[in-house]
Amino acid sequence: MNESLPPRADHGFFAEMNRRDRICTLKARGIQEKALYGWTFANAEDTPSIQMARRYVSIWPEVKKNNLGLLLWGDVGTGKSYTAACIANALLETGAPVLMTNFSKILNQLGSMYSEERYQYIASFSSFELLIIDDLGIERGTEYAVEQVYAVIDERYKSKKPLIITTNLTIRQIRNATDVAHARIYSRVLEMCTPVQVCGADRRTAIGRDKQTLVKELLCSE
């Protein structure tokens, strides 16, 4: 009589190895700047924005089901990109496909493509459960660029999948765009993404002060 063999002790080891390989592949595809790998909840200060981001990740199945996006807005250096990257890294660790990019990179890619390739490239964003676009508003303001920005936003809208956007623009600027083309983009963004203001001191200024202090201690001390 044949009996099933007991599970081998190394099955768990290989399963974990396969899981880590998958996560590494997802990160390589989804996080385009290696510096962002270290932007995680484990390294973050416990700010209201980070607390909100933790909750967003903790209820991800509900977020995904209801297509709940975020518009992280605020002054330069307050941690909008950091907060978004924390969400990206946390979800990637669960095996969820996430892409974090910006419109400058997207426009550079599109610039070397033919029309059909552009459509396929933009449509490929739908393969990610979460799309994060950093620094809306810093991209070139040409007619072509504005058209492509709208195409990306509109394609994401049609995919019915969550979108997170960070921007230095104020809500007043977003809600009162001075031209029709940008108004169309921002209207769609506000339909997809709930605005969340990210407040706090300019982290970049604080980092700069710390470096200046360290340089003085190392180079100017007797």
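Axes here are lines fitted to C-alpha atoms, for helices over the stretch in contact, and angles run from 0 to 180 degrees between N-to-C directions. Helices (H or I, at least four residues) and strands (E, at least two) are DSSP runs, numbered from the N terminus.

The model is predicted: local features need pLDDT of at least 70, side-chain atom pairs count only at pLDDT 80 or more, and totals for chains, interfaces and linings use all residues. Residues are numbered from 1 along each chain as its sequence is written, and side-chain values use heavy atoms, with hydrogens and water left out.

**Exercise 1. Describe how α5 packs against α7.**

Step 1: geometry. Helix α7 spans residues 143-159, and its axis comes within 11 Å of the axis of α5, crossing at roughly 105 degrees.

Step 2: class of angle. Angles under 35 degrees count as roughly parallel, over 145 as roughly antiparallel, 65 to 115 as roughly perpendicular and the rest as oblique. So α5 is roughly perpendicular to α7.

Step 3: residues. Contact means heavy atoms within 4.5 Å. On the α5 side, F103, I106, L107 and L110 take part; α7 supplies Y144, A145, Q148, V149, V152 and I153.

Step 4: chemistry. Ala, Val, Leu, Ile, Met, Phe, Trp, Tyr, Cys and Pro count as nonpolar, Asp, Glu, Lys and Arg as charged, and the others, Gly among them, as polar. The α5 contact with α7 then has 9 nonpolar, 1 polar and no charged residues.

**Exercise 2. Repeat the analysis for α5 and α6.**

Step 1: geometry. Helix α6 covers residues 115-123; the α5 and α6 axes come within 10 Å and cross at roughly 150 degrees.

Step 2: class of angle. The pair is therefore roughly antiparallel.

Step 3: residues. From α5 come I106, Q109 and L110, which meet R118, Y121 and I122 of α6. By class, this contact has 4 nonpolar, 1 polar and 1 charged residues.

**Exercise 3. Place L110 in the fold.**

Step 1: element. L110 sits in helix α5, residues 103-110.

Step 2: burial. Buried means under 20% relative accessible area, exposed over 50%, partly exposed in between (1.4 Å probe, protein chains only). L110 is buried because its relative accessibility is 0%.

Step 3: partners. Residues up to four places away in sequence are not counted; L110 then touches R118, Y121, I122, Y144 and Q148. L110 and Q148 are 38 residues apart in sequence, yet their C-alpha atoms are 8.4 Å apart.

**Exercise 4. Work out the nonpolar cores.**

Step 1: criterion. A nonpolar core is a set of buried Ala, Val, Leu, Ile, Met, Phe, Trp, Tyr and Cys residues joined through side-chain atoms within 4.5 Å.

Step 2: largest core. This core has 31 residues, and I87, L130 and I164 have the most contacts inside it. Elements giving two or more residues to this core are α2 (48-58), α3 (60-66), β1 (69-73), α4 (80-93), β2 (98-102) and β3 (130-136). Helix α4 gives the largest share, 9 residues.

Step 3: one hub. Neighbours within four places aside, I87 is in contact with F41, A53, Y56, V57, L70, L130 and I164.

Step 4: second core. A separate core of 29 residues includes Y121, I133, V146 and I174.

**Exercise 5. Compare the settings of four polar or charged side chains.**

Step 1: D154. This residue lies in helix α7. D154 counts as buried because its relative accessibility is 16%. Its side chain joins that of R188 through a polar contact of 2.4 Å. (A polar contact is a pair of N or O atoms within 3.5 Å; within protein, one must be able to donate a hydrogen and the other to accept it, and residues adjacent in sequence count only if both atoms are side-chain atoms.)

Step 2: S49. This residue belongs to helix α2 and is buried at 9%. Beyond four places in sequence, S49 is in contact with T83, Q197, V198 and C199.

Step 3: K64. This residue is in helix α3 and is partly exposed at 36%. With residues up to four places away not counted, K64 touches E129 and P162.

Step 4: K160. This residue is in the loop between α7 and β4 (163-167) and counts as exposed at 66%. K160 has a positive phi of about 60 degrees, although it is not a glycine.
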